[in-house]
Amino acid sequence: MEAYAYVRYSTARQSTGDSVERQKSPLSRFEDRYGVRIKETFVDAGVSSFRGDNIKKGQFRSLLDKIENKEIVAGDFIVLESIDRVSRQELNKTASQLYAILEKGIKIYTTNDEKLYSLEDKSRDLENYLMIGLIAKRANEESETKSKRRKSAWRKVHNEAKESGKAFSNSRVHYGYKLVDGKYQIVEDEAEEIRQLFDLIINEGVYNAVAEVNKTAKRKWTASNVYKLMRSKAVVGYLRRQETVDGKREFREYIPDFYPAIIDEFTFRRAEQAIARRKTNKVSGRNTEAYTNIFRHTAYCDKCGSKMIYTKKQKASGKYKYYYLFCNEGKEKGTGCRNTIDYAYVLHKFCEKIFLATAFNAEDIPSHASLINALAKLLSNKKDIEKAKQQRELENKLAKEEMTEANLQRMIDNLEEIPPNYVLKKLSNTEKEIEGLKTKLTLIEEQVGLEMDSLSDFMTMLRSKKGRADINNFLIANNITFSLTSEKVDTVAREYSDPATQKLFYKLEGKRAKKTEITMKITIEGETFVDNFYKEDIDLDEYALADMSQLEKI
């Protein structure tokens with residue numbers, strides 16, 4: 001015959017008070033009375049029995065497992081302060097749990113009233129059942145009342161936050177803010193970090209943004225920090241309200257204008273859209289340290305259709321670097337495709353196209369009229385300042401209305417009865433407002449353009465990290481793609497069919513008769529433009545692209 005004690009307290013405050021000592025002190029009296037020593041004590045620290053957490057995953061679960069494994073057997077004792085230490089759940093759940101223990105011949109002893117529960121004396125079955133039931137019912141009602149009071153108090157402080165922006169003790173002070181006299185204020189140097197972070201997320205993605213910001217940040221940013229920051233929406237002024245339901249934290253609503261906004265809704269939505277776009281497109285590869293490759297996610301192998309990946313090679317002496325676009329399918333999966341293009345020559349040809357589109361009209365060069373029209377249309381597609389301002393305002397309004405709609409919908413979902421008419425009317429009006437804002441946005445929606453008017457502007461952009469990022473975003477946003485291939489060709493044999501003439505030119509040209517022909521197909525708005533050129537005929541100095549390593553320094 002052995003005895004096992006169970007002690008439980010539900011809050012950290014109780015652990016520093018007398019809860020544990022109060023429950024353990026009477027154990028010696030039990031030992032003296034029944035002549036049985038406590039073999040093991042199970043302690044559930046900071047675990048509530050109202051929702052049955054201790055039975056599901058606490059130390060009481062371990063005690064039940066010992067009963068199931070027959071380590072605790074008929075004739076043994078379970079010693080506890082009171083029935084409510086085991087469970088404060090509904091009457092039927094508590095009574096069923098305890099009776100399952102008693103039916104195995106195990107006795108339950110409660111120290112607060114020194115009462116022994118056992119099924120050995122059948123004449124006391126009804127008394128045992130009633131006592132367990134009454135104590136369990138009282139404990140459950142007390143916990144239910146406490147829970148309602150806590151929820152009521154919690155809703156009160158949240159309502160105060162919602163109505164007046166009043167901070168409460170459990171509201172978190174997010175990075176970028178400080179609490180002064182009950183009001184939140186922006187910490188400007190931290191806020192500037194956050195603004196820089198969001199700008200970089202839009203242009204370069206989360207991981208590159210984190211790496212860049214961490215070079216000068218006060219705190220250590222991680223991708224996880226970023227996603228938590230975006231989920232909280234604190235930087236645009238929202239408080240994310242949650243409630244505990246069945247022991248789990250559940251999201252209820254966003255309370256607007258609780259914090260002063262560090263960034264506006266427009267920027268926040270752009271960052272969300274950029275993250276979603278990258279996930280949807282499932283783009284691979286990474287930004288280089290200086291974002292050198294402007295054709296990232298837009299260049300494809302014309303032989304097999306796979307993406308062209310950017311890389312660089314350096315001579316053993318370290319003197320020269322070579323920059324290439326190579327077929328990812330062939331290199332990664334070994335399919336046999338060895339398509340490799342010298343990056344500088346593709347960039348040179350694209351600069352040439354930009355020059356044509358910015359310096360000439362279509363009628364000036366009929367042979368390139370279609371390309372000039374297509375590219376010039378996109379390059380001149382810069383947002384008018386007034387339209388850009390209008391779009392930003394509409395985006396901000398739309399985000400707030402959508403948040404209101406989501407909060408109203410959650411409120412309705414959580415109501416057990418039919419929602420009041422004023423709630424339904426508010427939801428209807430909000431839905432109409434959202435549709436109207438979306439219509440207005442559609443009317444002013446424009447494709448992404450480049451803020452440039454000449455080749456000189458383009459070259460200036462090319463020589464800065466942000467500029468290259470903007471060019472890459474421009475190509476991706478407007479779905480401009482490049483299909484590339486290269487091959488060694490015999491230019492003499494291609495141009496002259498007469499053997500005598502070929503022999504003459506082979507003598508004149510020597511090794512120069514063999515050239516690398518690059519084919520570049522540019523697709524703009526569904527129309528494809530083909531350009532074939534010999535690598536050896538290109539003068540990279542024309543656009544100052546002879547030393548590509550300079551792009552990594554700026």
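1. Start with E40. In this predicted model, E40 is partly exposed, at 30% relative accessible area. Its side chain pairs with that of K66 in a salt bridge, 3.9 Å from N to O. The two residues sit in distant parts of the chain, 26 residues apart. E40 belongs to strand β2 (residues 38-45), K66 to helix α5 (residues 59-68). K66 counts as buried because its relative accessibility is 19%, and buried means under 20%.

2. E31 and R37 form another salt bridge, with the closest N and O atoms 3.1 Å apart. Which partner is buried? E31 is, at 16% relative accessibility. R37 counts as exposed, at 60%.

3. E517 and R494 also meet through their side chains, in a salt bridge of 2.8 Å, N to O. This pair, too, links distant parts of the chain: E517 lies in strand β15 (residues 514-524) and R494 in helix α19 (residues 491-495), 23 residues apart. E517 is buried, with 11% relative accessibility. R494 is partly exposed, at 43%. Elsewhere, R269, R270, E395 and E402 are joined into one network by salt bridges that share partners.

4. How many salt bridges are there in total? The count comes to 28. The pairs E31 with R37, K66 with E40 and E517 with R494 are among them. In general, side chains of opposite charge can pair when their charged atoms come close.

5. Now the cysteines. The whole structure holds zero disulfides. C304 deserves a look. Its closest cysteine sulfur is that of C327, at 3.4 Å. A disulfide needs the two sulfur atoms within 2.5 Å, so this pair is too far apart for a bond. C304 is partly exposed, with a relative accessible area of 40%. C351 is buried, at 0%.

6. S306 touches C327 as well. Its other contacts, leaving out residues up to four places away in sequence, are Y300, C301 and E329. Where does S306 sit? It is in the loop between β10 (299-301) and β11 (308-314). S306 is buried, with a relative accessible area of 12%.

7. Helix α8 covers residues 188-204, 17 residues in all. From first C-alpha to last it reaches 24 Å, close to the 24 Å expected at 1.5 Å a residue. Its buried positions include the hydrophobic-named set A191, I194, L197, F198, L200 and I201. E190, E193, N203 and E204 are buried too. What follows the helix? G205 does, and its phi is positive, near 95°.

8. Helix α13 spans residues 343-359 and also has 17 residues. Its reach from first C-alpha to last is 24 Å, again close to the expected 24 Å. How much of α13 is covered? Most of it: 13 of the 17 residues are buried. At the start of α13, D342 makes a polar link: one of its side-chain oxygens comes to within 3.2 Å of the backbone nitrogen of A344.

Conventions. Residues are numbered from 1 along each chain as its sequence is written. This is a predicted model: local features need pLDDT of at least 70, side-chain atom pairs count only at pLDDT 80 or more; totals for chains, interfaces and linings use all residues. Side-chain values use heavy atoms; hydrogens and water are left out. A salt bridge is a side-chain nitrogen of Lys or Arg within 4 Å of a carboxyl oxygen of Asp or Glu. Buried means under 20% relative accessible area, exposed over 50%, partly exposed in between (1.4 Å probe, protein chains only). Helices (H or I, at least four residues) and strands (E, at least two) are DSSP runs, numbered from the N terminus. The expected span of a helix is 1.5 Å times one less than its number of residues. A polar contact is a pair of N or O atoms within 3.5 Å; within protein, one must be able to donate a hydrogen and the other to accept it, and residues adjacent in sequence count only if both atoms are side-chain atoms. Contact means heavy atoms within 4.5 Å.
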